[in-house]
Amino acid sequence: MFLALRELAFARTRFGLMGAVIALIAVLMVMLSGLSVGLVNDGVSGLQKLPVTAFAFEKHVQHDAAFSRSVVDDDAVRAWRERPDVAAATPYGNSLVNARSDGGVEIDLALFGVEPDSFLAPPVSQGSRLSTPDGIVVSTTAVTAGLRVGDTVTLDRIGTRLTVVGVTTGQHTFGHVDVAFVPLDTWQRIKAGVGPGGVLPDRATRESTAVALRAKPGRTLDLAAGDAAAGTESLTLEQSYGASPGYTAESTTLRLIQGFLYAISALVAGAFFAVWVIQRKHEVAILRAMGAPAGWVLRDALVQALILMVGAVAVGAAVGVGLGAFITGGGVPFALSAPDIAAAAAGLILLGLVGAAVAVARVVSVEPATALGGNR
């Protein structure tokens, strides 16, 4: 430990440059972590906040487009309600629309069709809950975009007019589009393209996108048995995230970038300590010749690497958090998450130590006489 600290102080410029590189990698990792969380929130926060255990979609539906392709009828809802492990089952509608408010705000909305008296009806932070057929409850992000309680929103193409009666608690977005909760019968008219004064086909009154399921407390839903009885295909709430537009592609891309950063961290740390230990090969040989075990020399080098990695990652993480706080709320889908940042920092430190250990072990294993030139 003494030797490790002494070398850190003696070669502080070299170790400082190495620490700066690791700190920059940590900054990038924190920023990517925040961007990843922000994109997830922007893509599926509307689904995450639904009190749903699973969704039952149309049988054989394409999983990555389930919300846009699936159609189920009331028979499926009734079949699921009869299941012994289901506390509640209710129809759920999902569609994307373009709209314009009477205040001139042009906005895209993800309409969530729900029965106003069901467990899907959202709590509100402003205004009132769903009740009237033409009322909608919008996300707080829609308020940021310019909508207000009392505004009238007109849907493109069919001319349906909806009144904003309430605002949800927190962000609700789907596929990077603001969510608006609307009564199910109104959603059915919009989905069928029936405008004011139009007649809704009888078939459309019995259809929805999926059956929203909530398990009984302490019970696990038997999705396979329920699907067999109802003729549906179920996905857990987490599995359904993949049906949100762009969710799978975005999350996979960010995970790959993070994986490359982890690998770069290990390679950079390994390369630095490989060069550093080779330069100290003579000193390491003297230590070994004086009786220091290989394990002691290796531990000393790893303590040195640990001090450097922890210090550099801590500085980089702090800078990344500061930058993240600066850009949060500026239109970029960015959100800081303490567990994700801690996991990223721990991963950088661990892989850096692995790279350092691999580099140091190679030199430590050399015989003292060989390292001191005794083979000449």
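**Entry 1: the membrane annotation**

I began with residues 259–278: the chain there is 100% helix and 0% strand, with its end C-alpha atoms 29 Å apart. A reminder to myself is that this is a predicted model. I picked the span because the unreviewed UniProt entry annotates it as "transmembrane region", along with residues 15–40, 306–329 and 341–364. I checked residues 15–40 as well, and that span is also 100% helix and 0% strand. Its end C-alpha atoms lie 37 Å apart.

**Entry 2: a patch on the surface**

Next I looked at helix H12, which runs over residues 338–364 and holds Val354. Which residues join Val354 in a nonpolar surface patch? I found Leu350, Leu351 and Val358 there, and together the four have about 340 Å² of accessible area. I looked up Val354 by itself too: its relative accessible area is 42%, so I noted it as partly exposed.

**Entry 3: strand E3 and its partners**

I moved on to strand E3, residues 86–101. Is E3 enclosed or open to the outside? I counted 12 of its 16 residues as buried, so E3 is largely enclosed by the rest of the structure.

Then I went through the strands it pairs with.

- With E4, I found antiparallel pairing over eight bridges. Asn94 has Phe112 as its bridge partner in E4.
- With E12, residues 210–215, the pairing is antiparallel over six bridges. Here Tyr92 is matched with Ala210.
- With E7, residues 152–155, I saw three bridges, again in the antiparallel sense. Arg100 stands opposite Thr154.

I also stopped at the turn. The hairpin of E3 and E4 has four residues between the strands, and Gly104 takes a positive phi near 85° there. Gly103 sits in the loop between E3 and E4 too. With a relative accessible area of 60%, Gly103 is exposed. I took one distance from Gly103: Thr152 is 49 residues away in sequence, yet the two C-alpha atoms are 8.2 Å apart.

**Entry 4: aromatic rings**

How many aromatic pairs does the structure hold? I got 10. One of them is Phe55 with Tyr92, a tilted pair at 5.1 Å centre to centre and 40° between the planes. I noted that this pair links distant parts of the chain, as Phe55 belongs to strand E1 (residues 54–58) and Tyr92 to E3, 37 residues apart. Both Phe55 and Tyr92 are buried.

Phe112 and Phe181 make another pair, this one edge-to-face, with 5.5 Å between the centres and 85° between the planes. Phe112 is in strand E4 (residues 106–114) and Phe181 in E10, so the pair ties together parts that are 69 residues apart in sequence. I checked how covered each ring residue is. Phe112 has 0% relative accessibility and counts as buried. Phe181 is buried as well, at 1%.

Which residues do the ring pairs join into a cluster? My list reads Phe55, Phe57, Phe67, Tyr92, Phe112, Phe174 and Phe181. So Phe112 turns up twice in my notes: in this cluster, and as the bridge partner of Asn94.

**Entry 5: strand E6, seen from both faces**

I turned to strand E6, residues 135–138. In a regular strand the side chains alternate between the two faces of the sheet. Are the two faces of E6 covered or open? I found both covered: Gly135 and Val137 are buried on one side, Ile136 and Val138 on the other.

I then looked at what E6 pairs with. It runs parallel to strand E8 (residues 161–168), with four bridges between them. Val137 has Gly166 as its bridge partner in E8. Strand E10, residues 177–183, is joined to E6 by two bridges and runs antiparallel to it. In E10, Val138 is matched with Ala180.

**Entry 6: a last distance**

I finished with Gly46, which is in helix H2 (residues 12–48). Is Gly46 buried or exposed? Its relative accessible area is 0%, so I put it down as buried. I also looked up how far Gly46 is from Asp178, which is 132 residues away along the chain: their C-alpha atoms are separated by 8.4 Å.

Methods
Residues numbered from 1 in each chain as written. Predicted model: local features only at pLDDT ≥ 70, side-chain atom pairs only at ≥ 80, totals over all residues. Heavy atoms only, no water. Buried < 20%, exposed > 50% of the residue type's maximum accessible area, 1.4 Å probe, protein only. Pairing = 2+ DSSP bridges. UniProt positions renumbered as here; feature names shortened; annotations may be inferred. Patch = residues over 30% accessible without salt bridge, like charges linked within 9 Å, V, L, I, M, F, W, Y side chains within 5 Å. Areas by Shrake-Rupley, 256 points an atom, 1.4 Å probe, with all protein chains shown as cover. Salt bridge = Lys/Arg side-chain N within 4 Å of Asp/Glu carboxyl O. Phe/Tyr/Trp six-rings, centres within 6.5 Å; stacked < 30°, edge-to-face > 60°.
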